[in-house]
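The exercises below concern a two-chain structure, which should be inspected before the solutions are read.

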Amino acid sequence: MYEKAGEKYYVVDSHVALWDARESNLKNVHGKQFIDCFYDYHKNLSPEEVVWDYDTYTYYGSDRFMKDLFEDGYVDHAIFQPALLMDFYKNGFGQTEEAFGLAKSNPDLLTYNHAYDPRHEEAGLEQLRRDAERMSLKGVKLYTAEWYGDSRGYKLDDKWSRRYLEECIELGIKNIHVHKGPTIRPLDRDAFDVADVDHVATDYLDLNFIVEHVGLPRLEDFCWIATQESNVYGGLAVAMPFIHTRPRYFAQIIGELLYWIGEDKILFSSDYALWTPKWLIERFVDFQIPADLTEYAPITTDQKKKILGLNAAALYDLDVPNELRLPTDAGDADVEVAAGAKEAVLS
Amino acid sequence: MTVLAMSLEAEVMAALATVIDPELDEPITDLGFVRSVHIDDVGVSVHLRLPTSFCSPNFAYLMASDAQDALRFVEGVGRIKVLLDDHHDSDKINSGLAAEAGYVGTFGQEADDSLDELRLTFQRKAHTAAMERCVAAVLKDTDLAVEDAHRLLLGHLPGGGHKDALLRRRADIGLGIGPEEPVLVDETGAPIPAEAVPMRLRFAKAVRISIEGNSHFCRGLLATRYSDSEAGDMSTRITNTRFARRAS
């Protein structure tokens with residue numbers, strides 16, 4: 001819980017990870033390239049005083065994780081969203097068993113979402129059934145640019161991906177977090193395109209699709225499909241730290257999201273350990289859309305409360321203390337739609 | 001009339017300046033993506049660099065092969081070598097470029113047909129953003145109401161960078177550039193009806209914000225990535241041993 005100026009905020013960090021990118025776990029040069037890319041994101045977008053050294057960044061362990069989130073970081077509940085990257089790391093990038101164990105020991109603080117890759121076809125489906133039971137999954141994290149043998153990506157509306165989504169409905173896994181990456185097959189098309197999310201969101205209304213980093217670098221495509229689909233949400237991973245380096249751009253992103261998808265469908269996350277939650281939450285609560293961006297209405301305290309935690313709490317049925325609640329519509333497909341969404345559908 | 005001779009270095013840089021990053025709609029020379037240019041007796045070697053190892057390989061290939069094509073127009077340049085540094089597909093792309101294997105030849109089974117449609121998608125986005133910049137400026141600086149914006153013609157737009165940019169983007173996607181052409185058109189050149197203008201402008205603005213935001217992000221990442229190795233300087237290192245030898 002974060003408190004400022006008499007207002008109390010229930011905080012859900014909806015995208016966190018426990019990774020191991022130490023040299024001992026690298027499978028090849030791509031594992032090194034991947035963590036170096038993350039570290040450049042971290043260095044480029046963090047305030048100087050919260051930049052980690054490289055070695056800590058490659059592996060921080062569960063003690064540091066718990067401290068950064070729950071002792072220092074005001075987070076009430078966090079959701080693991082592991083990236084597997086089995087072709088880059090010997091034991092995978094996200095430490096799934098360690099994260100699952102941590103969530104099991106701290107059920108009030110942590111939810112464990114697992115990851116699957118539909119290119120494992122029938123065997124992977126069987127595994128998903130076992131995992132869903134053992135891990136009591138409410139959500140999964142899908143990285144569509146995961147490399148797998150000769151294939152360097154897939155689309156959500158591929159045949160096997162659809163089979164997996166249908167299985168998710170059967171298994172009661174209702175939150176599908178989608179993370180788009182740079183590779184896809186064939187390379188003829190834009191890998192960041194979210195048209196496949198559009199297709200599956202239309203076809204599987206029992207599922208919620210949370211598009212991570214709000215579709216960046218295709219914010220506009222994401223906003224557009226989110227206006228068409230009542231079950232598409234935007235996760236603020238990667239977008240949040242712009243609040244420090246590019247506050248005007250951050251204001252534009254938030255302004256666009258509030259206009260197109262609305263305050264009930266935006267989810268805060270630090271993307272830990274890309275960034276740490278403490279400073280992001282402090283800055284976000286202090287944040288206001290600059291007055292000269294007259295096309296956007298000022299952001300309200302209630303909107304901030306929803307984005308920081310109440311929307312995610314609704315999607316994951318988290319028990320929010322009464323004093324921290326607001327009426328929120330996340331998870332309810334019949335909500336009043338955003339202004340942009342209404343007009344977009346009519347046009 | 002005096003003809004000013006351009007140095008070969010300047011001609012090479014001018015050729016590379018015609019290569020646009022399709023996602024960011026800016027020349028690779030402005031973005032700092034041209035790491036070095038080396039001219040010797042045999043030809044020219046150009047090293048390109050990108051903000052991350054994981055920038056999309058299709059766009060990476062597009063820029064590198066466009067650079068190779070652009071350099072062919074430089075007279076007397078000699079053998080052309082374009083190399084992409086520090087990318088997860090550097091080996092693949094560099095061998096493909098050296099062998100002039102083309103897109104399908106470079107990526108093999110990962111490629112279906114061509115990158116033409118991908119390029120067109122982003123040329124259309126660039127047009128949308130340029131159109132919004134022009135119309136937003138007119139709406140801000142004149143009495144024109146948004147209800148009348150559909151009547152705006154290219155001839156009404158004040159001259160300057162925004163208009164030049166719009167005309168170039170229109171030409172890229174095959175739209176007319178005459179003064180009687182309507183400004184607010186869809187990607188096929190069809191005028192946008194009055195009632196659809198506000199929504200179309202609103203979406204065009206989202207496109208513009210997205211492109212501009214990505215550009216800031218990519219510049220920042222590139223500077224961070226190369227801050228240690230190149231003293232934070234994102235300019236191109238140019239060396240020419242061909243002329244030096246001739247002069248001595």
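Five exercises follow, each with a worked solution.

The model is predicted: local features need pLDDT of at least 70, side-chain atom pairs count only at pLDDT 80 or more, and totals for chains, interfaces and linings use all residues. Residues are numbered from 1 along each chain as its sequence is written, while chains are lettered from A and ligands numbered from 1 in the order in which they are written.

**Exercise 1. The interface**

Task: Determine how many residues of chain B are in contact with chain A, and which helix of chain B gives the most to that side.

Solution.
- Step 1. Apply the contact criterion, under which the C-beta atoms of two residues, placed from the backbone, lie within 7 Å. By this criterion, 35 residues of chain B are in contact with 34 residues of chain A.
- Step 2. Assign the chain B residues to helices; helices (H or I, at least four residues) and strands (E, at least two) are DSSP runs, numbered from the N terminus. Helix H3 (57-71), helix H6 (116-141) and helix H8 (197-225) of chain B each supply at least two residues of the side that touches chain A. H8(B) gives the most, with 14 residues.
- Step 3. Sort by class: Ala, Val, Leu, Ile, Met, Phe, Trp, Tyr, Cys and Pro count as nonpolar, Asp, Glu, Lys and Arg as charged, and the others, Gly among them, as polar. The side of chain B that touches chain A then has 14 nonpolar, 14 polar and seven charged residues.

**Exercise 2. Helix packing across the chains**

Task: Describe how H8(A) and H8(B) pack, and state which residues meet.

Solution.
- Step 1. Two packed helices are described by the angle between their axes and the distance between the axes. Here axes are lines fitted to C-alpha atoms, for helices over the stretch in contact, and angles run from 0 to 180 degrees between N-to-C directions.
- Step 2. Helix H8 (residues 219-228) of chain A packs against H8(B) at an angle of about 145°, and their axes are 8 Å apart.
- Step 3. From H8(A), Leu219(A), Glu220(A), Cys223(A) and Trp224(A) meet Phe203(B), Ala206(B), Val207(B), Ile209(B) and Ser210(B) of H8(B). The contact has seven nonpolar, one polar and one charged residues.

**Exercise 3. Tyr103(B)**

Task: Establish why Tyr103(B) counts as buried, and which residues are in contact with Tyr103(B).

Solution.
- Step 1. Locate the residue: Tyr103(B) lies in helix H5 (residues 102-107) of chain B.
- Step 2. Recall that a residue is buried if 20 or more other C-beta atoms, placed from the backbone, lie within 10 Å of its own, exposed if 12 or fewer, and partly exposed in between. Tyr103(B) counts as buried because it has 20 C-beta neighbours inside 10 Å.
- Step 3. Leaving aside neighbours within four places in sequence, Tyr103(B) is in contact with Tyr61(B), Ala111(B), Ser114(B) and Leu115(B). Tyr103(B) and Leu115(B) are twelve residues apart in sequence, with 7.5 Å between their C-alpha atoms.

**Exercise 4. Backbone exceptions**

Task: Find where the cis peptide bonds of Arg185(A) and Leu216(A) lead, and which loops hold Asp86(B) and Glu100(B).

Solution.
- Step 1. A cis peptide bond joins Arg185(A) to Pro186(A), with omega about -5°. Pro186(A) is in the loop between strand S8 (175-179) and helix H7 (195-203) of chain A.
- Step 2. Another cis bond joins Leu216(A) to Pro217(A), with omega about 10°. The loop between strand S9 (208-211) and H8 of chain A holds Pro217(A).
- Step 3. Asp86(B), not a glycine, has a positive phi of about 55°. Asp86(B) lies in the loop between strand S5 (79-84) and helix H4 (90-98) of chain B, and is partly exposed, with 17 other C-beta atoms within 10 Å.
- Step 4. Glu100(B), also not a glycine, has a positive phi of about 50°. Glu100(B) is in the loop between H4 and H5 of chain B and counts as exposed, with 11 C-beta neighbours inside 10 Å.

**Exercise 5. Domains of chain B**

Task: State what separation the domain centres of chain B have, and how many residues each domain gives to the contact.

Solution.
- Step 1. The bounds, which come from an automatic or database domain assignment, give domain 1 (8-114 + 229-247) and domain 2 (116-192).
- Step 2. Taken over C-alpha atoms, the centres of the two domains are separated by 31 Å.
- Step 3. The contact takes six residues from domain 1 and six residues from domain 2 of chain B. On the domain 1 side, the residues divide into two nonpolar, two polar and two charged.
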